[in-house]
Structures are given as structure tokens and as C-alpha cells.
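Please open the model in a viewer and keep the sequence panel visible beside it. The tour proceeds by selections, each followed by a description of what is found there.

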Amino acid sequence: MEIVGKVVRLGSLTEGTSARGAWRKQELIIETLEQYPKQVCLVCWGDRVAEAQNFVVGQTIKAQISIESREFNGKWYTDVRPFRFDIETAQQSQPMQNQPMQQPQQNMPQFAAPQYEQAANNMDYFESDNGDDLPF
């Protein structure tokens, strides 16, 4: 899966040591570029930590992600983990709905304006006096 968004902030950097050795975890919060934007926390591990620390707030990025859930003591926890980052240019990151359609002007048909004067003169049809003022 992939997600495109603007960097909102860098979260906390966590470091530790486990039985398998030292580890680092960096959170990166982005805001999607949709009609109704959502904030998503990307959890970066290992080599992705150095990449995430190079991003600046306001920069638009595209991340290839995997979504992983795990259960611990009856509760479920979900991580959105990026495994590849790309920096988006301004033109690539624009949503399709905001781009106007370009149509050549010479191929568009020309229509005459409708004539309303004749309909206005024939208002007798609508002026029947049946005792109520409802239009139907």
C-alpha cells in the first residue's frame, strides 16, 4: 500500500536494547491530501529512522507502507510501518479532484439562449382559481 501526505511533525525517537541488539524507533506524523485529511502516525524502524529525521515539516512525501496489528493482554495494537519513502513534487501531490478539466474551446457546441417570453405570456394555465394557493 502507499500513502501520500504532508509532514506535520516528527514524533519521539525511542532507542533501546533487546536480546537481538540495539534498536531505534522514530514516529513521523503526516496529513493525507484528501478532501477530508487524516493524520497518520508512521512508525519507522532501523534504516527508515535516518530517512525520517531528514524530512521537514510541510514537505510532501509518499510512503510505501505495511499495516501490522498484534494482540497483547487482550488489546490490539496497530502500526503503520513505512518500508520506502519518496519525496513528492508539487504537481505529483495534487489530488485529481482539484485539477480542472482542459477541453479545447473550438470543439464545444454553441447553444442559443432559451426563449422565456412566450412562456411568460401563457401564464393563464397557472392562474386557475381553485381556492388554494398551492402550486400542485
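The stops below begin with the whole chain and then turn to single elements and residues.

**The whole chain**

Begin with everything displayed as a cartoon, and bear in mind that this is a predicted model. The secondary structure comprises two helices and five strands. Followed along the sequence, these elements appear in the pattern β-β-β-α-β-β-α. Colouring by accessibility will show that buried residues make up 21% of the 136 residues in the protein. With the surface displayed, about 11100 Å² is exposed, and carbon and sulfur atoms supply 51% of that area. Among the contacts in the protein with a separation of 6 or more, 50% are made by residues 24 or more positions apart.

**The hairpin of β4 and β5**

Select residues 60-72, which form strand β4, and residues 75-87, which form strand β5. How do β4 and β5 pair, and over how many bridges? The pairing is antiparallel and extends over twelve bridges. The two strands form a hairpin with two residues between them. Centre the view on Asn73 in the turn, where phi is positive, at about 55°. Then move along the strands to Ile65, which stands opposite Pro82 in β5.

**Charged pairs on the hairpin**

Keep the hairpin selected and display its charged side chains. Side chains of opposite charge can pair when their charged atoms come close. Six salt bridges are found in the whole structure, and three of them can be visited here.

Select Glu68 and Arg81, whose side chains meet in a salt bridge with an N to O distance of 3.6 Å. Because Glu68 belongs to β4 and Arg81 to β5, this pair ties together parts that are 13 residues apart in sequence. Glu68 is partly exposed at 34% relative accessibility, and Arg81 is also partly exposed, at 27%.

Next select Arg70 and Asp79, which form a salt bridge at 3.3 Å, N to O. Is Asp79 buried or exposed? Asp79 counts as buried, with a relative accessibility of 12%, whereas Arg70 is partly exposed at 43%.

The third selection is Arg84 with Asp86, a salt bridge of 3.6 Å, N to O. Arg84 has a relative accessible area of 47% and is partly exposed; Asp86 is partly exposed as well, at 23%. Now display Glu68, Arg70, Asp79 and Arg81 together, since salt bridges that share partners join these four residues into one network.

**Two aromatic pairs**

Hide the charged side chains and display the aromatic rings. How many aromatic pairs does the count give? The count comes to two.

For one of them, select Trp23 and Trp45. Their ring centres are 5.7 Å apart and their planes stand at 45°, so the pair is classed as tilted; planes under 30 degrees apart would count as stacked and those over 60 as edge-to-face. Trp23 lies in strand β2 (residues 21-32) and Trp45 in strand β3 (residues 39-45), so the pair ties together parts that are 22 residues apart in sequence. Trp23 is partly exposed, with a relative accessible area of 29%, and Trp45 is likewise partly exposed, at 31%.

For the other pair, select Phe55 and Phe85, which meet edge-to-face, with 5.0 Å from centre to centre and 80° between the planes. Phe55 is in the loop between α1 (47-53) and β4, while Phe85 is in strand β5, 30 residues apart, and the pair thereby links distant parts of the chain. Phe55 is buried at 11% relative accessibility, and Phe85 is buried at 9%.

**The nonpolar core**

Retain Phe85 and add Ile3, Leu28, Ile30, Leu42 and Ile61. Within the largest nonpolar core, which has 15 residues, these six touch the most other members. Each of β1 (2-18), β2, β3, α1, β4 and β5 supplies at least two residues of this core.

Finish by centring the view on Leu42. Which residues does Leu42 touch, leaving aside those up to four places away in sequence? The list consists of Ile3, Gln26, Glu27, Leu28, Ile30, Ala63, Ile65, Val80, Pro82 and Phe85. Several have appeared at earlier stops, including Ile65 and Pro82 from the hairpin and Phe85 from the edge-to-face pair.

Key:
Residues are numbered from 1 along each chain as its sequence is written. This is a predicted model: local features need pLDDT of at least 70, side-chain atom pairs count only at pLDDT 80 or more; totals for chains, interfaces and linings use all residues. Side-chain values use heavy atoms; hydrogens and water are left out. Helices (H or I, at least four residues) and strands (E, at least two) are DSSP runs, numbered from the N terminus. Buried means under 20% relative accessible area, exposed over 50%, partly exposed in between (1.4 Å probe, protein chains only). Rings of Phe, Tyr and Trp (its six-membered ring) pair if their centres lie within 6.5 Å; planes under 30 degrees apart count as stacked, over 60 as edge-to-face and the rest as tilted. Two strands pair if DSSP finds at least two bridges between them. A nonpolar core is a set of buried Ala, Val, Leu, Ile, Met, Phe, Trp, Tyr and Cys residues joined through side-chain atoms within 4.5 Å. Contact means heavy atoms within 4.5 Å. Accessible areas come from the Shrake-Rupley method with a 1.4 Å probe; for residues, only the protein chains shown count as cover.
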